[in-house]
Amino acid sequence: MSVLIVGSTALDSIKTPKAENPRLLGGSASHASVAASFFAPVKLVGVVGNDFPQRYLRLYERHGIDLAGLQRVPGKTFHWSGEYEANMNNRRTLLTELGVFENFKPELPKAYQAAPFVLLANIAPALQHRVLDQMQRPRFVAADTMDLWLKVARPDLLKLLKRVDAFVLNDSEAQQLTGEDNMRSAFKQIHQLGPRYVVIKQGSHGSVLSCPRGMFICPAYPLQRVVDPTGAGDSFAGGMMGYLAAAKGPIDRHIRRAMIYGSVVASFCCEGFGLQHTTRVTQAEIEKRVQELERLTRF
Ligand code: AMP
């Protein structure tokens with residue numbers, strides 16, 4: 001089964017204490033789509049300008065990503081720039097140039113409207129709504145967000161939460177949304193806002209799921225060296241949704257393992273700038289890390 005993914009398709013300029021890399025392929029939808037493509041066919045919805053390099057389009061294609069929903073319009077591609085501190089956890093946004101994103105109106109090709117799995121990756125909640133409005137009856141919808149939308153588009157986001165099955169956010173966003181420092185209390189409040197599945201991400205400490213069957217603590221793969229964590233959250237969500245789309249049977253039976261696969265793909269994402277490492281990973285390498293995580297957490 002396929003996954004429809006909407007989000008940002010960007011050029012990312014990333015600075016770490018060790019290196020600087022301009023105009024890499026980035027954006028929430030790019031990271032999520034490549035991650036999901038390891039498991040299931042992906043339909044991408046996004047927009048790029050005429051400065052978007054052909055080699056990035058070819059890279060999507062190499063991952064079998066359907067680009068019928070990727071608008072290519074005159075103007076500049078969304079450009080985001082961020083800088084990491086030495087600990088590689090704290091990040092500062094240096095620049096956000098909206099470019100063609102400013103007037104982006106997602107239009108789904110007919111073939112996209114029946115997609116059973118939908119990932120509303122980080123993008124303005126109004127656009128996430130617009131995509132859902134065009135869908136027929138998706139089986140499972142997950143949404144991601146960022147602190148910005150909690151600040152400037154809170155009413156839209158709250159309305160969106162009533163329309164999704166799963167909500168993926170990081171711990172500081174959960175605190176910002178609910179005012180709760182305690183994770184269990186935050187879960188309770190977020191469930192009351194709509195989603196039956198809530199995943200709170202904790203960066204290098206993994207993530208926690210709360211769902212009708214209870215909680216699940218998903219580890220992060222312990223990396224020796226983090227090169228660039230940009231897009232790790234998107235890779236996690238993309239990997240998880242790709243795995244769920246490929247699995248047969250009820251969501252509850254597969255969601256824990258889906259999170260483990262998401263976590264493993266996210267670990268590869270952190271080992272290179274932008275998508276440079278993720279795009280070179282093999283299925284065998286993914287399986288090896290999943291097995292390692294299994295050994296590390298069995299007791
Ligand atoms: P993450 O590291 O998971 O927070 O995701 C980083 C990605 O989010 C980068 O590839 C950026 O291009 C993208 N991004 C940054 N700001 C925004 C924004 N305002 N809207 C959508 N995507 C964004």
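This is a short walk through one predicted protein model with its ligand, going from the overall fold to the ligand site and then to a few single residues.

Okay, let's start with the whole thing. We've got 10 helices and 13 strands in this protein. If you take the C-alpha trace along its principal axes, you get a span of about 55 × 45 × 35 Å. Now, is that compact or extended for the chain length? The radius of gyration comes out at 18 Å, and a compact globule of 299 residues would be near 19 Å, so the protein agrees with a compact globule.

On burial, 57% of the 299 residues count as buried. The surface that is left comes to about 13,700 Å², and 49% of that is supplied by carbon and sulfur atoms. As for how the chain is wired, take the contacts between residues at least 6 apart in sequence: 64% of those join residues at least 24 apart.

Right, on to the ligand. There are 17 residues around it, and the closest ones are Ser8, Asp12, Gly27, Arg91 and Gly231. Broken down by class, that shell has eight polar, six nonpolar and three charged residues.

So which atoms of arginine 91, glycine 231 and aspartate 234 come up against ligand oxygens? Let me take them in turn. For arginine 91 it's the side chain, with an N or O atom 2.9 Å from an oxygen atom of the ligand. Aspartate 234 also uses its side chain, and there a polar atom lies 2.9 Å from a ligand oxygen. Glycine 231 does the job with its backbone: an N or O atom there is 2.8 Å from an oxygen atom of the ligand.

How much of the ligand does the protein cover? On its own the ligand has 520 Å² of accessible area, and the protein covers 87% of that. If you want to find the shell on the screen, look for strand E2 (10–15), helix H4 (147–152) and helix H8 (232–246), which are the elements that give two or more residues to it.

Let me stay with one of those closest residues, glycine 27. You'll find glycine 27 in the loop between E3 and helix H1 (28–36). Its relative accessible area is 8%, so glycine 27 is buried. Beyond its sequence neighbours within four places, it is in contact with Ser8, Thr9, Ala10 and Asp12. And here's a nice long-range pairing: glycine 27 and threonine 230 are 203 residues apart along the chain, yet their C-alpha atoms are separated by 9.2 Å.

Next up is asparagine 122, which sits in the loop between strand E8 (117–120) and helix H3 (125–134). Buried or exposed? Asparagine 122 has 15% relative accessibility, so it counts as buried. Its side chain makes a polar contact of 2.8 Å with the side chain of tryptophan 149. Setting aside residues up to four places away in sequence, asparagine 122 touches several others, including Gly7, Ser8, Ser28 and Asp144.

Now for some backbone oddities. Arginine 23 isn't a glycine, but it has a positive phi of about 50 degrees. It's in strand E3, residues 20–26, and at 38% relative accessible area it is partly exposed. Methionine 88 is another non-glycine with a positive phi, this time near 65 degrees. That one is in the loop between strand E6 (79–84) and strand E7 (91–97). Methionine 88 counts as buried, at 12% relative accessibility.

Methionine 88 also leads us to proline 17, since the two touch; Tyr84, Glu85 and Ala86 are in contact with proline 17 as well. Proline 17 is in the loop between E2 and E3, and with a relative accessible area of 52% it is exposed. From its C-alpha to that of valine 164, 147 residues along the chain, the separation is 38 Å.

Last one: serine 263, over in helix H9, residues 251–269. At 7% relative accessibility, serine 263 counts as buried. What does it touch, beyond residues up to four places away in sequence? Serine 263 touches Cys218, Pro219, Ala220 and Tyr221, along with Phe236 and Leu293.

That's my tour, thanks for listening.

Notes
Residues numbered from 1 in each chain as written. Predicted model: local features only at pLDDT ≥ 70, side-chain atom pairs only at ≥ 80, totals over all residues. Heavy atoms only, no water. Near = heavy atom within 4 Å. Polar contact = N/O pair within 3.5 Å; in protein donor to acceptor, adjacent residues only side chain to side chain. Areas by Shrake-Rupley, 256 points an atom, 1.4 Å probe, with all protein chains shown as cover. Helix = DSSP H or I, 4+ residues; strand = E, 2+ residues; numbered from the N terminus. Nonpolar A, V, L, I, M, F, W, Y, C, P; charged D, E, K, R; others polar. Buried < 20%, exposed > 50% of the residue type's maximum accessible area, 1.4 Å probe, protein only. Contact = heavy atoms within 4.5 Å. Rg over C-alpha atoms; globule rule 2.2 N^0.38 Å.
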